Amino acid sequence: MTYPRFHLAFPVANLAEARAFYADLLGCSIGRTSDRWIDFNFYGHQITAHLKPEECGRATTNPVDKEQVPVRHFGLILEWQQWHELAEQLKSRQVEFLIEPQIRFAGEVGEQATLFIQDPSGNALEFKAFQDQAQIFAS
């Protein structure tokens, strides 16, 4: 089954820094570009970094399972092993985590591996994984 792909446009303060973060650190290939934006292949989805420094800043947070989660964030649900590989890659590159890699809701409905990082412009990204994919929308 093929799933729809999403598109997300977001502000960045510096295109060179965005390129380094999304392409070099996260491994996203680069699509179309201009002097004002860059398209990235974000695990098969299209995200576009738009040069708009005045729109950038740190997101507010809400408490979730004893952590302060950035309210405005985006990310992906990865396969369990893929998430662990990414977490190790980020640790080995000494990336600063907003929320360290961990298991959230341990032993509860919705148990998941999660981590949060932030791009150089203050955009928060969450990567998560579920051992049981049925838990993604469980209530």
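Three exercises on this predicted model follow, each with a worked solution.

**Exercise 1.** Determine whether the end-to-end distance of helix 2 agrees with its number of residues, and where its buried residues lie around the axis.

Solution. Helix 2 runs over residues 80-92, which makes 13 residues. The expected span is 1.5 Å times one less than that number, so it should be 18 Å. The end C-alpha atoms are 19 Å apart, which agrees. Next, the buried residues in helix 2 are Trp83, Leu86, Ala87 and Leu90. They cover an arc of only 100 degrees around the axis and therefore sit on the same side of helix 2. An α-helix has 3.6 residues a turn, so residues three or four places apart point the same way. The cover over these buried residues includes helix 1, strand 7, strand 8, strand 9 and strand 10.

**Exercise 2.** Classify both partners of the Arg32 and Asp39 salt bridge as buried or exposed.

Solution. The closest N and O atoms of Arg32 and Asp39 are 3.2 Å apart. Buried means under 20% relative accessible area and exposed means over 50%. Arg32 has 56%, so this residue is exposed. Asp39 has 5%, so this one is buried.

**Exercise 3.** Describe the surroundings of Gln112, starting from its accessibility.

Solution. Gln112 lies in strand 9. Its relative accessible area is 5%, so Gln112 is buried. Its side chain makes a polar contact with the side chain of Lys128 at 3.2 Å. Beyond four places in sequence, the contacts of Gln112 include Arg104, Glu126 and Lys128. Those three residues are themselves linked in a network of salt bridges. Within it, Arg104 and Glu126 have their closest N and O atoms 3.4 Å apart. This pair joins strand 8 to strand 10, across 22 residues.

Methods: Residues are numbered from 1 along each chain as its sequence is written. This is a predicted model: local features need pLDDT of at least 70, side-chain atom pairs count only at pLDDT 80 or more; totals for chains, interfaces and linings use all residues. Side-chain values use heavy atoms; hydrogens and water are left out. Helices (H or I, at least four residues) and strands (E, at least two) are DSSP runs, numbered from the N terminus. Buried means under 20% relative accessible area, exposed over 50%, partly exposed in between (1.4 Å probe, protein chains only). A polar contact is a pair of N or O atoms within 3.5 Å; within protein, one must be able to donate a hydrogen and the other to accept it, and residues adjacent in sequence count only if both atoms are side-chain atoms. Contact means heavy atoms within 4.5 Å. The arc is that of the directions from the helix axis to the C-beta atoms. A salt bridge is a side-chain nitrogen of Lys or Arg within 4 Å of a carboxyl oxygen of Asp or Glu.
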